[in-house]
Amino acid sequence: MLTQKQHELLMFIHQRLKEAGVPPSFDEMKDALDLRSKSGIHRLITALEERGFIRRLPNRARALEILKLPDSISPGLKPAAKEKGFAPEVIEGSLSKKVATPPRATSPDEVPTLEIPVMGRIAAGVPIEAIQTQSHTIAMPADLMGRGEHYALEVKGDSMIDAGIFDGDTVLIKRGDTADNGEIVVALIDEEEATLKRLRKKGASVALEAANPAYETRIFGPGRVHVQGKMIALFRRY
């Protein structure tokens, strides 16, 4: 399963190979995906290579070979046009709107629930690429939700263990683009990477604070961090 960024890059390389016979340069890929640096392209290409979608040919500059395309796309299909300025989000807002209204409890002991989309994994450690693909749903108590849109993420990493958030936990996120100081949020960094951290704001700067002394607090300048939602609950299976 590919993230949206990985899919965008794969289809951009595929289309350029069809049209020009040569793959695009890293600068062209960076501009097409509207990334701030070529390091993001390196990470995406490595991820595509690890998943068996592309191969880097040795001893040749800009040499990339498409090995396969996603199952839902035939090799002859052109991808949708890529508009500059695309800004990814961790979750598509329409997904949680599709959730049905809470079912009526069939007995006094039953609790009405909502099906909440699980949008993949979020890093509580070194940031990972933004997640966009719904993997499955989980049932949540309806009275826990309140108003607004919600989604869930599976935690990967140990940087929030002192906040009681462990690798493999599932966090419930209320979608939104604002949060108060000290709240734990899903943060999108440089429109490329998503992470779960405690938010601290000072003037125009934003700090993403880990809850594990092994990890440093990362500080970012204006416009580099966008809140995608804040954590309202955590679930753990034993």
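This is a short tour of one protein chain, stop by stop, for you to follow in your viewer.

**Before you click**

You're looking at a predicted model, where local features need a pLDDT of at least 70 and side-chain atom pairs count only at pLDDT 80 or more, while totals for chains, interfaces and linings use all residues. Residues are numbered from 1 along each chain as its sequence is written, and side-chain values use heavy atoms, with hydrogens and water left out.

**Stop 1: the whole chain**

Switch on the cartoon view and you'll find 5 helices and 12 strands. Both are DSSP runs numbered from the N terminus: helices are H or I with at least four residues, strands are E with at least two. Of the 238 residues, 42% are buried (under 20% relative accessible area; exposed is over 50%, partly exposed is in between, with a 1.4 Å probe and protein chains only). Show the surface next: the chain exposes about 12,900 Å², and carbon and sulfur atoms supply 51% of that. Accessible areas like this come from the Shrake-Rupley method with a 1.4 Å probe, and for residues, only the protein chains shown count as cover.

**Stop 2: colour by confidence**

Now colour by pLDDT, the predictor's confidence in each residue, from 0 to 100. The chain averages 77, and 76% of the residues score at least 70. Which elements have the lowest and highest mean pLDDT? Select helix α4 (residues 93-97) for the lowest, 35, and strand β10 (residues 205-209) for the highest, 95. Then select residues 72-106, where the pLDDT is below 50; beyond near neighbours in sequence, this stretch has 71 contacts in the model. A contact means heavy atoms within 4.5 Å.

**Stop 3: the largest core**

Time to go inside. A nonpolar core is a set of buried Ala, Val, Leu, Ile, Met, Phe, Trp, Tyr and Cys residues joined through side-chain atoms within 4.5 Å. The largest one here has 18 residues, and Leu9, Leu10, Met29, Ile41, Ile45, Leu48 and Ile54 touch the most other members. Helices α1 (4-20), α2 (26-32) and α3 (38-50) each supply at least two residues of this core, and α1 gives the most, with 5.

Click on Leu9: leaving out residues up to four places away in sequence, Leu9 touches Met29, Leu33, Ile41, Leu44, Ile45 and Leu48. Apart from this core lies another one, of 16 residues, including Tyr151, Leu153, Val171 and Val186.

**Stop 4: Ile54**

Back in the largest core, select Ile54, in strand β1 (residues 54-56). Is Ile54 buried or exposed? Ile54 is buried, with a relative accessible area of 2%. Setting aside neighbours within four places in sequence, Ile54 is in contact with Leu10, Ile45, Leu48, Glu49, Leu64, Glu65, Ile66 and Leu67. Try a C-alpha to C-alpha distance as well: Ile54 and Leu69 are 8.9 Å apart in space and 15 residues apart in sequence.

**Stop 5: a charge over a ring**

Select Lys68 and Phe53. The charged end of Lys68 sits over the ring of Phe53, 4.7 Å from its centre. To count, NZ of Lys or CZ of Arg has to be within 6 Å of the ring centre and within 35 degrees of the ring normal.

**Stop 6: two last residues**

Head to the loop between α2 and α3 and pick Asp34. Asp34 isn't a glycine, although it has a positive phi of about 55 degrees. Asp34 is partly exposed, at 27% relative accessible area.

Finish at Lys202 in strand β9 (residues 193-202). With 72% relative accessibility, Lys202 counts as exposed. From Lys202 to Asn181 it's 9.2 Å, C-alpha to C-alpha, and 21 residues in sequence.
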